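Hi,

Here is the structure I promised to pass on to you. Have a look at it first, and then read my notes underneath.

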Amino acid sequence: MASNATNHALLHRVAETGRVAVPFTLDGEPASALAGDTVLTAVLTQGSQLRRNEFSDMPRAGFCMMGACQDCWIATAEGERLRACSTFIAPGMELVTGRSGA
Ligand code: FES
């Protein structure tokens, strides 16, 4: 298994920190985003990947950020796939990155 990925946040919030908190779970652990965040922002402010590539097992974190490339798929605990860059986080979402140990 490729292991270059870490669990450090890839994105760091520098503005608009006063929005309402939105609780969700990430790989079964409680997490919090802000109202208006995309799923991509919510996840990558917590960790370094959205999922692992199904062929190479390398971590993926999106590419185009505008809904065109489909590199940002992320799974829910129910098995649904979401396009993280164009889906807003919602309270209670249960997201799964597939990172090692998750
Ligand atoms: S990052 Fe390209 S579709 Fe989401």
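Below is what turned up when I went through it. One thing to keep in mind is that this is a predicted model.

**Asp-37 and its partners**

I'd start with Asp-37. You'll find Asp-37 in the loop that runs between strand S2 (29–34) and helix H1 (39–44). Is Asp-37 buried or exposed? Its relative accessibility is 3%, and the cut-off for buried is under 20%, so Asp-37 counts as buried.

Asp-37 has charged company, too. Its side chain makes a polar contact with the side chain of Arg-13, at 2.7 Å. Asp-37 also meets Arg-19 in a salt bridge between side chains, at 3.1 Å from N to O. That second pair links distant parts of the chain, since Arg-19 sits in the segment before S1 while Asp-37 is in the loop between S2 and H1, 18 residues apart. If you set aside the neighbours within four places in sequence, the contacts of Asp-37 are Arg-13, Arg-19, Ala-42, Thr-87, Phe-88 and Ile-89.

**More on the salt bridges**

As a general reminder, side chains of opposite charge can pair when their charged atoms come close. How many salt bridges are there in the whole structure? The search finds seven.

Arg-19 turns up in another one, a salt bridge with the side chain of Glu-16 at 3.4 Å, N to O. Arg-19 itself is partly exposed, with a relative accessible area of 27%, whereas Glu-16 is exposed at 57%.

Elsewhere, Asp-57 forms a salt bridge with Arg-52, and their closest N and O atoms are 3.2 Å apart. Here Asp-57 is partly exposed, at 23% relative accessible area, while Arg-52 counts as buried at 11% relative accessibility. As for how bridges connect, those that share partners join Arg-13, Glu-16, Arg-19 and Asp-37 into one network.

**The nonpolar core**

Next, the inside. The largest nonpolar core has 20 residues, and the members that touch the most others are Phe-24, Val-39, Val-43, Leu-50, Ile-74, Ile-89 and Leu-95. At least two residues of this core come from each of strand S1 (21–26), S2 and H1. Which of the elements gives the most to this core? That is H1, with five residues.

Ile-74 is a good residue to click on. Not counting residues up to four places away in sequence, Ile-74 touches Val-39, Val-43, Leu-50, Glu-80, Arg-81, Leu-82, Ala-84, Leu-95, Val-96 and Thr-97.

**Cysteines**

I looked for disulfides as well, and the count comes to zero. Two cysteines to look at are Cys-64, which counts as partly exposed at 23% relative accessibility, and Cys-72, which counts as buried at 2%.

**Gly-98**

Last stop: Gly-98, in the segment after strand S7 (94–96). With 39% relative accessibility, Gly-98 counts as partly exposed. Leaving out its neighbours within four places in sequence, Gly-98 is in contact with Asp-27, Gln-49 and Arg-52. You met Arg-52 above as the salt-bridge partner of Asp-57. Gly-98 and Thr-25 are 73 residues apart along the chain, and their C-alpha atoms are separated by 13 Å.

Happy browsing!

Definitions and conventions. Residues numbered from 1 in each chain as written. Predicted model: local features only at pLDDT ≥ 70, side-chain atom pairs only at ≥ 80, totals over all residues. Heavy atoms only, no water. Helix = DSSP H or I, 4+ residues; strand = E, 2+ residues; numbered from the N terminus. Buried < 20%, exposed > 50% of the residue type's maximum accessible area, 1.4 Å probe, protein only. Polar contact = N/O pair within 3.5 Å; in protein donor to acceptor, adjacent residues only side chain to side chain. Contact = heavy atoms within 4.5 Å. Core = buried A, V, L, I, M, F, W, Y, C linked by side-chain atoms within 4.5 Å. Disulfide = S-S within 2.5 Å. Salt bridge = Lys/Arg side-chain N within 4 Å of Asp/Glu carboxyl O.
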